[in-house]
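This report looks at a protein chain with a bound ligand. The sequence and model come first.

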Amino acid sequence: MVITVTLNPALDRTLIIENFTLGTVNRASKERFDIGGKGINVSKVLKNLGIESKAIGFLGGMVKSVFLEELDNRGIEHQFVEIGAQTRTNIKVVDNKNSTNTDINEAGPAIKEEELQKFIEIYKENCKKENIIVISGGIPKGISDDIYARLIKIAKERGAYTILDAEGELFRKAIMEKPYAIKPNNHELSLLFNETLEDESKIIEKAIGIQKNGVSKILVSLGSKGAIYVTDDEIYSAKGLKVEVNSTVGAGDSMVAAIVYSLLNNLSNKDTLTFAQACGASTVQLEGTEACTLDEVKSFLEISERNVRRVDYGN
Ligand SMILES: Nc1ncnc2c1ncn2[C@@H]1O[C@H](COP(=O)(O)OP(=O)(O)OP(=O)(O)O)[C@@H](O)[C@H]1O
Ligand SMILES: [Mg+2]
């Protein structure tokens, strides 16, 4: 079973408003809701790839029912802890006439100690042997930044695999517990080492350092430039695919889903990177936060494979 952890979900409300103006009444010509938070996004992609997962985390207030209804509609299992405070709603105003995007993000709820304890109990129940636990995204107020480290430790003690996608202190502390796989982008990796990492050899050198500390799979995404995959025994590099970019939202999450897919389907390291790049390309081609489908991903596999090469790094 695959479990995705989303401690700080958000409801994204997109309003299309032509000529958005401050201080007056604006009328939306179109609107949409998307349930989000990185773990939930990974669950959405997994569903499209034919993989069942269960989403866990915190939900509260009126927004909770919107989430549960949408998760049910999508056939994604869930086990969220109900909290006293309201889950975040983030508003995006898209003005196509003036080509502006305005984001209004809520601060989000604070989690109480007893709510966190409840979550830890549910989490433990779900950390069964061989389960794959995806831990991704930011955390709400009231939770300390060693939470992901704690969660990884618990999962590993119970024989589950952990895949981590986080940044800053959360990421730094979590990798000390040696998750099975991580998916930083080059910015997150640069922050970790406090140094700008752009060229391939530097990124590989740092990723090898992390691998030697006990992380088996390191997938570094480089946006339009592609990705680098450093593993226990092989290193591969992929050039970015040239596709029409409609929205980069969720590109990273689709790569995390690709790691899960590769683990469940026993893909080779090369095929994993090929598949992950095909997922990234399919996602950026789509509008908004829509998750890529297996057919779309498959249509990119051939071209993606041609852009992957093995890197010999004296290993
Ligand atoms: N402009 C682009 N053109 C082609 N492919 C892209 C582009 N941007 C992203 N991708 C694809 O998506 C993958 C992940 O993108 P990126 O490195 O931006 O992830 P991220 O920074 O973690 O994103 P997120 O905001 O979802 O966390 C890339 O490795 C690539 O395959
Ligand atoms: Mg990311």
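The text below covers the ligand site and then the two sheets with their helices.

**Ligand site**

The model is predicted. Ligand 1 is surrounded by 19 residues, of which Lys38, Asn185, Ser221, Gly223 and Gly252 come nearest. By class, this shell holds 9 polar, 7 nonpolar and 3 charged residues. Oxygen atoms of ligand 1 take part in polar contacts with the protein, including those listed here.

| Residue | Protein atom | Distance to an oxygen atom of ligand 1 |
|---|---|---|
| Asparagine 185 | polar side-chain atom | 2.8 Å |
| Glutamine 277 | N or O atom in the side chain | 3.0 Å |
| Alanine 251 | polar backbone atom | 3.5 Å |

Taken alone, ligand 1 exposes 630 Å², and the protein buries 83% of that area. Two elements, α8 (251-264) and α9 (269-285), each give two or more residues to the shell around ligand 1. The largest share comes from α8, with 4 residues.

**The sheet of 10 strands**

An open sheet with mixed pairing is formed by 10 strands in the order β5-β4-β1-β8-β9-β10-β11-β12-β13-β14. Its edges are β5 (77-83) and β14 (308-310); each has a single partner strand, so one side of each is left without a neighbour in the sheet. Within this order, β8 (residues 132-136) pairs with β9 (residues 161-165) in the parallel sense, over 5 bridges. In that pairing, valine 134 stands opposite isoleucine 163 of β9.

Helix α1 (residues 38-48) packs on the sheet and touches β1 (2-6), β4 (53-60), β5, β8 and β9. The direction of α1 makes about 150° with that of β1. Helix α2 (residues 62-74) lies across β4 and β5, and runs at about 165° to β4.

**The sheet of 4 strands**

What is the strand order in the open sheet of 4 strands? The order is β3-β2-β6-β7, and the pairing is mixed. The edge strands β3 (30-36) and β7 (100-105) each pair on one side only. From one strand to the next, the twist averages 15°.

Strands β2 (residues 10-16) and β6 (residues 88-95) pair in the parallel sense over 7 bridges. Leucine 15 stands opposite valine 93 in β6. Helix α2 appears here again: α2 lies across β2, β3 and β6, running at about 80° to β3. Helix α2 therefore has strands of both sheets listed against it, with β4 and β5 on one hand and β2, β3 and β6 on the other.

Notes: Residues are numbered from 1 along each chain as its sequence is written. Chains are lettered from A and ligands numbered from 1 in the order in which they are written. This is a predicted model: local features need pLDDT of at least 70, side-chain atom pairs count only at pLDDT 80 or more; totals for chains, interfaces and linings use all residues. Side-chain values use heavy atoms; hydrogens and water are left out. A residue is near a molecule or strand if one of its heavy atoms lies within 4 Å of it. A polar contact is a pair of N or O atoms within 3.5 Å; within protein, one must be able to donate a hydrogen and the other to accept it, and residues adjacent in sequence count only if both atoms are side-chain atoms. Accessible areas come from the Shrake-Rupley method with a 1.4 Å probe; for residues, only the protein chains shown count as cover. Ala, Val, Leu, Ile, Met, Phe, Trp, Tyr, Cys and Pro count as nonpolar, Asp, Glu, Lys and Arg as charged, and the others, Gly among them, as polar. Two strands pair if DSSP finds at least two bridges between them. Contact means heavy atoms within 4.5 Å. Axes are lines fitted to C-alpha atoms, for helices over the stretch in contact, and angles run from 0 to 180 degrees between N-to-C directions.
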